[in-house]
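Me: Hey, I'm new to this one. Can you walk me through it?

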Amino acid sequence: MAADASASTLPTRFKRPTFIGGLGGIFVILLVVLLVKEATVSPSQFAQTTLIGVTNGAVYALIALGYTLVYGILELINFAHGDVFMLAGMFTITFGTHFFGLHHGQGPVTVLIVFATLVLTMLTCGSINAAIEFVAYRPLRGAPRLAPLITAIGVSFIIQDVGLAWKGPNYVTAPDVFPHSNVFSVGGVNYQWNHLIVVILTVPVLLALLWLVQRTRQGKAMRATSQDKDAAAIMGINVNRTISFTFLIAGALAGAAGTLYSLWATTVRFDQGFQLGLIAFTAAVLGGIGNLPGAVLGAVTIGLIQSWNEGLPWHMPGSDWTQSIVFSILIMILVFRPEGLLGEKTPEGG
Amino acid sequence: MSANGNGAAGGVPILEISDIHTYYGSIHALKGISLEVREGEIVTLLGANGAGKTTTLRSINGLNRPRQGTIRFQGREITTTAAHDIVKRGIAQSPEGRRLFPRMSVTENLEMGAFQRNDKSEIRSDMERVFELFPRLQERRHQKAGTMSGGEQQMCAIGRALMARPKLLLLDEPSLGLAPIFVERIFDIIRQINEQGTSILLVEQNALMALDAADRGYVLETGRIVLADNAAALKTNEEVRKTYLGES
């Protein structure tokens, strides 16, 4: 306990073996060469897949931020987070179509309905996430770290089963309300409004989140709590309330992601949270778990890699291999750069 | 137990602890501790590692609640008050191991000390005051707290506690791991803070320095108070001299 705190928090000068560093460098160079080759083989397709990748990345970013926020404050990988995102898709369908009568071709009123659905879904999912923390994680606050982790996996299954019971085992269709007309169409590269809307709606959410964490009193409390809970408490910070608030925000982000994704992909199924959640988690680790801009960077990177892999014409492995590639990245990051692209090295090494 | 003229010890108790029993998990760490701090006093807790000094402080600040007994601050019971409310009542702490926020700057750490206050301009002038006490902190104000030396971190931790404008300041091992020149300096500042009207409860390994600064002292052994007296009397007490002042 009385160990010198300065020693453990000083950046440790860890010299990576040059062999491994060299391997990593060669790998990155090969990737760049491959991309350049792709871009010259079919420039328009390359541009097209890049745009789709950015859109994917925007959705992943919203989910990844939830993982990173919760990890930052509790050092807990909240496996249930992806499933809250899935629930958000279902709530979007329920709120949108059943409450507000949202359907294709309603004209300008669509904007209002989508916005109302978005806000309502964010509120609902935020509350659900905070409730999950209260019921499932708070009683385990003093327990070894493995206990809440396993609980999180349990909660994930419970939510999937709720989704299964609620909307059934098949894909549920969400109303296709985003316009499919082109924003621009240059030299065979088309960018459609339904993609752009996702990106346009994601950016302000991200900026608002950064502002909240870095500028507000509540954000200060969040940062202090994430760095030292006991110290935060004796500063007068209500630690439990701060943690609840963090889960609320993370849930609201999952809600936003769920609404955007379901209206964009127009389908929702009970198990989609698992897969997208894992991809988003990988993105959070890639960027440096606990680091907000890192989560966005990681998410866009993963979105691009996925989209390039699935859409580029010249000797790409194709969509069958997307998950293998994503998880190979996860493994390589954990081996070669566990702190992620933007993460700070911490005493725990992650 | 009257004051010994070493400080401005008033008569009114600000903190009264009576017969508290505190546990660490299943370990019975405090077995009926009673002590008091009066307004304007510096009181020190002496004792070997594991005697219960830090646990006593954690019982007061709400991080480790006693299962039995009562703690009263300015006449009001705070035994079961949440830790984040206790600082609002006027008890601040520089905890064991400093516990700064390592990835925040010095300025941000000091701001966190004033988290429960709303008077912005007053907070600014208090920060100036902390920088006057510790000019070194002003030089380092943009540096991340986790990257500073032990002595600088200690100053920052004490400064952070002062930012709460406490009526009672709990200091846990302020001299631990510091170079002798820093130790002298820290104790000067402790006296200075006390003269400006803050009561202090001081836990310290360096018994000689602590007894020099304090008005009164308590000696703890395995969760019990075995001695309580004026600092001057404790300094001449044979047991204390043998055990804590390193004389044979």
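Reply: Sure, here is a quick tour, chain by chain and then where they meet. Keep in mind that this is a predicted model.

Me: How many helices and strands does chain A have?

Reply: Chain A has 13 helices and four strands.

Me: And what are its spans along the principal axes?

Reply: The C-alpha trace of chain A spans about 65 × 55 × 35 Å along those axes. Its radius of gyration is 21 Å, and a compact globule of 350 residues would have one near 20 Å, so chain A agrees with that.

Me: At what angle do helix 3 and helix 12 of chain A pack?

Reply: Helix 3 (residues 43-74) and helix 12 (residues 292-311) of chain A pack at about 140°, and their axes are 6 Å apart. Because of that angle, helix 3 of chain A counts as oblique to helix 12 of chain A.

Me: Which residue classes are in that contact between helix 3 and helix 12 of chain A?

Reply: The contact has 14 nonpolar and 13 polar residues, with no charged ones. The crossing of helix 3 of chain A with helix 12 of chain A is right-handed.

Me: OK, switching to chain B. How many helices and strands there?

Reply: Chain B has ten of each: ten helices and ten strands. Its C-alpha trace spans about 45 × 40 × 35 Å along the principal axes. With 248 residues, a compact globule would have a radius of gyration near 18 Å, and chain B has 17 Å, so that agrees too.

Me: What is the strand order in the open sheet of chain B?

Reply: The order is 6-7-8-3-9-10, six strands with mixed pairing. Strand 6 (91-94) and strand 10 (224-230) of chain B are the edges, each pairing on one side only. From one strand to the next, the twist averages 15°.

Me: Do strand 3 and strand 9 of chain B pair in what sense, parallel or antiparallel?

Reply: Strand 3 (residues 42-47) and strand 9 (residues 216-221) of chain B pair in the parallel sense, over five bridges. B:Leu46 stands opposite B:Val219, which is in strand 9 of chain B.

Me: Which strands does helix 6 of chain B touch?

Reply: Helix 6 of chain B packs on the sheet and touches strand 6 and strand 7 (168-172) of chain B. The direction of helix 6 makes about 175° with that of strand 6 of chain B. There's also helix 7 (residues 180-195) of chain B, which lies across strand 3, strand 7 and strand 8 (199-203) of chain B. Helix 7 runs at about 150° to strand 8 of chain B.

Me: What about strand 1 and strand 2 of chain B, what do they form?

Reply: Strand 1 and strand 2 of chain B form a hairpin with two residues between them, and B:Gly25 in the turn has a positive phi of about 60°. The pairing is antiparallel, over nine bridges, and B:Leu15 stands opposite B:Val37 in strand 2 of chain B. Strand 1 of chain B also runs antiparallel to strand 4 (residues 68-73) of chain B, joined by five bridges. There, B:His21 has B:Gln68 as its bridge partner.

Me: Last thing: how many residues does the contact take from chain A and chain B?

Reply: It takes 28 residues from chain B and 21 residues from chain A. On the chain B side, helix 2 (83-89), helix 3 (106-113) and helix 6 (150-162) each give two or more residues. Helix 2 of chain B has the largest share, four residues. By class, the chain B side divides into eleven nonpolar, twelve polar and five charged residues.

Terms used. Residues are numbered from 1 along each chain as its sequence is written. Chains are lettered from A and ligands numbered from 1 in the order in which they are written. This is a predicted model: local features need pLDDT of at least 70, side-chain atom pairs count only at pLDDT 80 or more; totals for chains, interfaces and linings use all residues. Axes are lines fitted to C-alpha atoms, for helices over the stretch in contact, and angles run from 0 to 180 degrees between N-to-C directions. Angles under 35 degrees count as roughly parallel, over 145 as roughly antiparallel, 65 to 115 as roughly perpendicular and the rest as oblique. A crossing is left-handed if the near helix is turned anticlockwise from the far one by less than a right angle, and right-handed if clockwise. Ala, Val, Leu, Ile, Met, Phe, Trp, Tyr, Cys and Pro count as nonpolar, Asp, Glu, Lys and Arg as charged, and the others, Gly among them, as polar. Two residues are in contact if their C-beta atoms, placed from the backbone, lie within 7 Å. Two strands pair if DSSP finds at least two bridges between them. The radius of gyration is taken over C-alpha atoms; the globule rule is 2.2 Å times the number of residues to the power 0.38.
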